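Here is a friendly walk through one protein model and the ligands that come with it. Keep the viewer open as you read.

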Amino acid sequence: MQNRVIFLADFDYFFAQCEELRNPAIKDKPVVVGVYSGRTEDSGAVSTSNYIARKYGVKSGLPLFMAKKKLEGTDAIFFKVDHEYYDQISSRIMQIFRGYTTALEQVSVDEAYLDVTEEVEGSFDKAREYAQKIKADVKAQVGISFTIGVGPNKLIAKIACDSQKPDGLTIIEPNEAKAFLAPLPVDRLLGVGKKTTAKMAEMGIKTIGELAKYDCQVLIEVFGKVLGIYFHNAANAVDNEPVQEQGEAESISKIGTLKQDSHDLDFILQKTGELTDFVIKEIVARGYSYKTVSIYVVNVDLSSRTRSVTFEQPSKDKETITKNVRILFEKFLSESPLEIRRVGVKVSGFSKDQPQQKQLTSFFTSG
Ligand code: DCP
Ligand code: CA
Ligand code: CA
């Protein structure tokens, strides 16, 4: 079997970098994004911080009042989390990734695996150039930096990615993988938490290298068959998990702010045209058909409304979205006198194209 070449991309200090993106003037100050619980002005915790704030010891999970204390006397800036905005940036980047691979697995808002084996013809040299190209493309189109770990499987790609941030690119070739893991503590492996770490320490296993050499039979006796074999394989850099889409999206949407508040149909449709372009690209990339088109409206008084239409038969084209967004807005504007601040286009009710791939069984029966 050919080597696989797997990327893990993880966006750098993601929420804080998103805030820098829309406020470039703050880039050389400590930036903290917090989840405010609202009880008192400073109650809540740090969601993330930029690397300047991290130098002061301000990291994810730290109570906000402590973060304020550590950053006293600096020109630090604090933000409230804005998930809607971070999700939009994230999906723009994920969409760019889709242009570089046929197998994308998004694991969180700021992380995705890409199987690029075919694209780089199994070559780790080509993988370096390919990774640099993707990084440069996202930087140019979206303005966000991220780190890529490259390895022969997901396990190695993930640990490679964590080993040098931000704006990193760490490549571990198949013949280096075991030596790369060996000195690391066992808790760097997925699924090795506090309890397991303690248990392994009792058994004299502290590093992944020690775990790799440990008698697999004993691991099975202590941790059970499934985990025992998993620990043995993982420590030996063996991981055959495929890169695959996590479930299917329920809807694809895009929201934007109008250049000025408006009640004018044509002006609004100009904006929704841009949003539709984004949405249809993602639908095509995923091979979806859709049955429902919705519009989303935020009025000047910040009240929000949605309107939808659902068809009997699924569609795939852009025109059906464009036409129905127009119909929905015509009706909406005739009913609501308020000027509109923000608009959104959402498409849902998906079905997926049958993959063009032949079923394995058809090879067996066609003799
Ligand atoms: N996050 C959070 N609370 C945490 C950890 C993370 O709200 N305890 C959010 C904020 C992060 C995002 O998830 O921006 C991604 O988490 P990461 O662990 O990848 O951390 P960052 O992207 O912030 O930093 P790094 O550059 O280390 O990847
Ligand atoms: Ca990150
Ligand atoms: Ca992450």
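The report below starts with the chain as a whole and then turns to the metal site, ligand 1 and some backbone details.

## The chain as a whole

Please keep in mind that this is a predicted model. The protein chain holds 14 helices and 13 strands. Along its principal axes, the C-alpha trace spans about 75 × 75 × 40 Å.

Of the 367 residues in the protein chain, 46% are buried. The accessible surface comes to about 19500 Å², and carbon and sulfur atoms account for 51% of it. If you like contact statistics, take the contacts in the protein chain with a separation of 6 or more: 64% of them join residues 24 or more positions apart.

## A pair of calcium ions

Which residues coordinate the calcium ion that is ligand 2? The donors come from Asp 10 (OD), Phe 11 (O) and Asp 110 (OD), at 2.1 to 2.2 Å. The site of this calcium ion (ligand 2) is octahedral, with angles of 78 to 177° among its six donor atoms. Written along the sequence, the donor residues of ligand 2 follow the spacing D-F-x98-D.

The calcium ion (ligand 3) is coordinated by Asp 10 (OD), by Asp 110 (OD), listed twice, and by Glu 111 (OE), at 2.3 to 3.1 Å. For ligand 3 the spacing of donor residues in sequence reads D-x99-D-E.

## What joins the two ions

The two calcium ions, ligand 2 and ligand 3, lie 3.6 Å apart, and Asp 10 bridges them. Distant parts of the chain are linked by the pair Asp 10 and Asp 110, which are 100 residues apart. Asp 10 belongs to strand 1 (residues 6-11), while Asp 110 sits in the loop between strand 5 (103-108) and strand 6 (111-115).

Are these two aspartates, Asp 10 and Asp 110, buried or exposed? Both are buried. Asp 10 has a relative accessible area of 4%, so it falls under the 20% cut-off for a buried residue. Asp 110 has 14% relative accessibility and therefore counts as buried by that cut-off too.

## Around ligand 1

How many residues surround ligand 1? There are 13, and the closest are Tyr 13, Ser 47, Thr 48, Tyr 51 and Lys 165. Several side chains place a polar atom by an oxygen atom of the ligand. For Thr 48 the distance from a polar side-chain atom to an oxygen atom of ligand 1 is 2.5 Å. For Lys 165 the corresponding distance is 2.7 Å. Asp 110, which also coordinates the calcium ion (ligand 2), has a polar side-chain atom 2.9 Å from an oxygen atom of ligand 1.

Taken alone, ligand 1 exposes 560 Å², and the protein buries 67% of that area. Strand 1, helix 1 (14-22), strand 3 (44-49) and helix 2 (51-55) are the elements that give two or more residues to the shell around ligand 1.

## Backbone details to look at

Most residues other than glycine have a negative phi, and most peptide bonds are trans. Against that background, a few places in this chain deserve a look. Tyr 13 is not a glycine, yet it has a positive phi of about 25°. Tyr 13 lies in the loop between strand 1 and helix 1, and is among the closest residues to ligand 1. With 13% relative accessibility, Tyr 13 counts as buried.

What is the form of the peptide bond from Lys 165 to Pro 166? This bond is cis, with omega near -10°. Lys 165 is the residue whose polar side-chain atom lies 2.7 Å from an oxygen atom of ligand 1. Pro 166 is in the loop between helix 6 (154-163) and strand 8 (169-171). Asp 167 is also found in the loop between helix 6 and strand 8, and its phi is near 50°, a positive value in a residue other than glycine.

## One buried loop residue

Finally, have a look at Asn 236, in the loop between helix 11 (225-235) and strand 9 (251-262). Asn 236 has 16% relative accessibility, so it counts as buried under the 20% cut-off. Leaving aside neighbours within four places in sequence, Asn 236 is in contact with Lys 178 and Ala 212.

Note on methods: Residues are numbered from 1 along each chain as its sequence is written. Chains are lettered from A and ligands numbered from 1 in the order in which they are written. This is a predicted model: local features need pLDDT of at least 70, side-chain atom pairs count only at pLDDT 80 or more; totals for chains, interfaces and linings use all residues. Side-chain values use heavy atoms; hydrogens and water are left out. Donors are N, O and S atoms within 2.8 Å of the metal (3.2 Å for Na, K and Ca); water is not among the atoms, so sites may look incomplete. Four donors count as tetrahedral if all angles lie between 85 and 135 degrees; four count as square planar and six as octahedral if opposite donors are over 155 degrees apart and all others between 65 and 115; anything else is irregular. Helices (H or I, at least four residues) and strands (E, at least two) are DSSP runs, numbered from the N terminus. Buried means under 20% relative accessible area, exposed over 50%, partly exposed in between (1.4 Å probe, protein chains only). Contact means heavy atoms within 4.5 Å. A residue is near a molecule or strand if one of its heavy atoms lies within 4 Å of it. A polar contact is a pair of N or O atoms within 3.5 Å; within protein, one must be able to donate a hydrogen and the other to accept it, and residues adjacent in sequence count only if both atoms are side-chain atoms. Accessible areas come from the Shrake-Rupley method with a 1.4 Å probe; for residues, only the protein chains shown count as cover.
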